[in-house]
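Me: Please take a close look at one part of this structure, the packing of its secondary structure and what lies around it. A single connected account would suit me best.

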Amino acid sequence: MTHPILETRDLTVRFGGHVAVDAVSCTFRTGELCAIVGPNGAGKTTYFNLISGQIPASAGRVVLNGQDITRAGVSRRCDLGIGRAFQLTNLFPNLTVLENVRLVIQSKRRMGFALFSTAASHVELTNRAEEILDSVRMMPLSGYKVSELSHGNQRKLEVALLIALDPLVYMFDEPTAGMSVDEAPVVLDLIARLKAQTDRTILLVEHKMDVIRSLADRIVVLHNGALAADGAPAEVMASDVVQEAYMGKELDIA
Ligand SMILES: Nc1ncnc2c1ncn2[C@@H]1O[C@H](COP(=O)(O)OP(=O)(O)OP(=O)(O)O)[C@@H](O)[C@H]1O
């Protein structure tokens, strides 16, 4: 069994009297791709927000690589290895796509956000940034400002920026939402390659069952904020509780 990289222990958040995430205890392991599913309003995005630090927990713990990060802010969690796509998109909307990717690589290498560096490091950084953009098939857009990109291309850039950041845990919340039929497979292919070629942990909130089937090693089901099922895809999908309560109604079964 592989090493646990991320754990939530009785993680809970209340908004007034409403418990949006209810004592969720879950362990995510190195190298696994875990799909988080559940009906609308089940608490999936809120659970993500608690892990990435967008909102503070009312109770419980978030532990990354053995370190309690429950009280850490978003940027500290990002430094420690929690990478969530949307945090990065509008980093520098008036800089180009290439400059944005290069700056994330620089920040990861603790070189600061200086736009100008030595000639050699500039060339090396640019090469790496171009390699990443090539992998998301965005090289033709490298000179565009981020603010000029279509929604689909901004989502692709999010993935590119996340790859540049190379976190321990990649978090994708419906990564193909709003994308065209041409664009979505590019992003899904990238996630599949991340899974195949790295030992990173990937958490994926997703409604599309065909995507879950092709990518997930494990499925966690949330319902009314609580953990309703957790296990291998075939086992979870076949379980009575999931079949009856969620799969047919809420998930987009292809
Ligand atoms: N900041 C907030 N204040 C009050 N209630 C909130 C807040 N954020 C989320 N909620 C509530 O918490 C519950 C869980 O919402 P969440 O967005 O996490 O669900 P979800 O599973 O991601 O849904 P969807 O699949 O529709 O995106 C909902 O009832 C929502 O209205």
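Reply: Helix 1 lies across strand 3, strand 6, strand 7 (169–173), strand 8 and strand 9 (218–223), and runs at about 150° to strand 7. Helices (H or I, at least four residues) and strands (E, at least two) are DSSP runs numbered from the N terminus. Angles, from 0 to 180 degrees, are taken between N-to-C directions, with axes as lines fitted to C-alpha atoms, for helices over the stretch in contact. Residues are in contact if their C-beta atoms, placed from the backbone, lie within 7 Å. Helix 6 (residues 183–197) also packs on the sheet, where it touches strand 3, strand 7 and strand 8; its direction makes about 150° with that of strand 8.

The model is a predicted one, in which local features need pLDDT of at least 70 and side-chain atom pairs count only at pLDDT 80 or more, while totals for chains, interfaces and linings use all residues. Residue numbers start from 1 along each chain, as its sequence is written.

One open sheet consists of six strands in the order 6-7-8-3-9-10, with mixed pairing; two strands pair if DSSP finds at least two bridges between them. Its edge strands, strand 6 (82–84) and strand 10 (226–231), each pair on one side only. From one strand to the next, the twist averages 20°. Strand 3 (residues 33–37) runs parallel to strand 8 (residues 201–205), joined by four bridges, and Cys 34 stands opposite Leu 203 of strand 8. Strand 9 and strand 10, by contrast, run antiparallel and are joined by five bridges, with Leu 222 opposite Leu 227 of strand 10. The hairpin of these two strands, strand 9 and strand 10, has two residues between them, and Asn 224 there takes a positive phi near 50°.

A second assembly is an open sheet of four strands in the order 2-1-4-5, with antiparallel pairing. Strand 2 and strand 5 (67–68) stand at its edges with a single partner strand each, so one side of each has no neighbour in the sheet. Strand 1 (residues 4–15) and strand 4 (residues 59–64) run antiparallel and are joined by five bridges; Ala 59 of strand 4 is the bridge partner of Thr 12. Helix 1 packs on this sheet too, touching strand 1, strand 2 and strand 4, and its direction makes about 65° with that of strand 2.

Helix 1 (44–52) and strand 2 (18–29) reappear around the ligand, each supplying at least two residues of the shell. The largest share, three residues, comes from helix 1. The shell is made up of Phe 15, His 18, Ala 20, Gly 38, Asn 40, Gly 41, Ala 42, Gly 43, Lys 44, Thr 45 and Thr 46, a residue being near a molecule or strand if its C-beta atom, placed from the backbone, lies within 6 Å of it. By class, the shell has three nonpolar, seven polar and one charged residue (Ala, Val, Leu, Ile, Met, Phe, Trp, Tyr, Cys and Pro count as nonpolar, Asp, Glu, Lys and Arg as charged, the others, Gly among them, as polar).

Helix 6 also packs against helix 5, at an angle of about 5° with the axes 10 Å apart. Helix 5 and helix 6 are therefore roughly parallel (angles under 35 degrees count as roughly parallel, over 145 as roughly antiparallel, 65 to 115 as roughly perpendicular and the rest as oblique). Gly 152, Arg 155, Lys 156 and Val 159 of helix 5 meet Glu 183, Val 186, Val 187 and Leu 190 of helix 6. This contact has four nonpolar, one polar and three charged residues.

Helix 5 (residues 151–165) packs with helix 3 (residues 97–108) as well, at about 25° and with axes 8 Å apart. That angle makes helix 3 roughly parallel to helix 5. The residues in contact include Val 101 and Val 104 of helix 3 and Leu 157 and Leu 161 of helix 5. This contact of helix 3 with helix 5 divides into nine nonpolar, one polar and one charged residue.

Notes. Contact = placed C-beta atoms within 7 Å.
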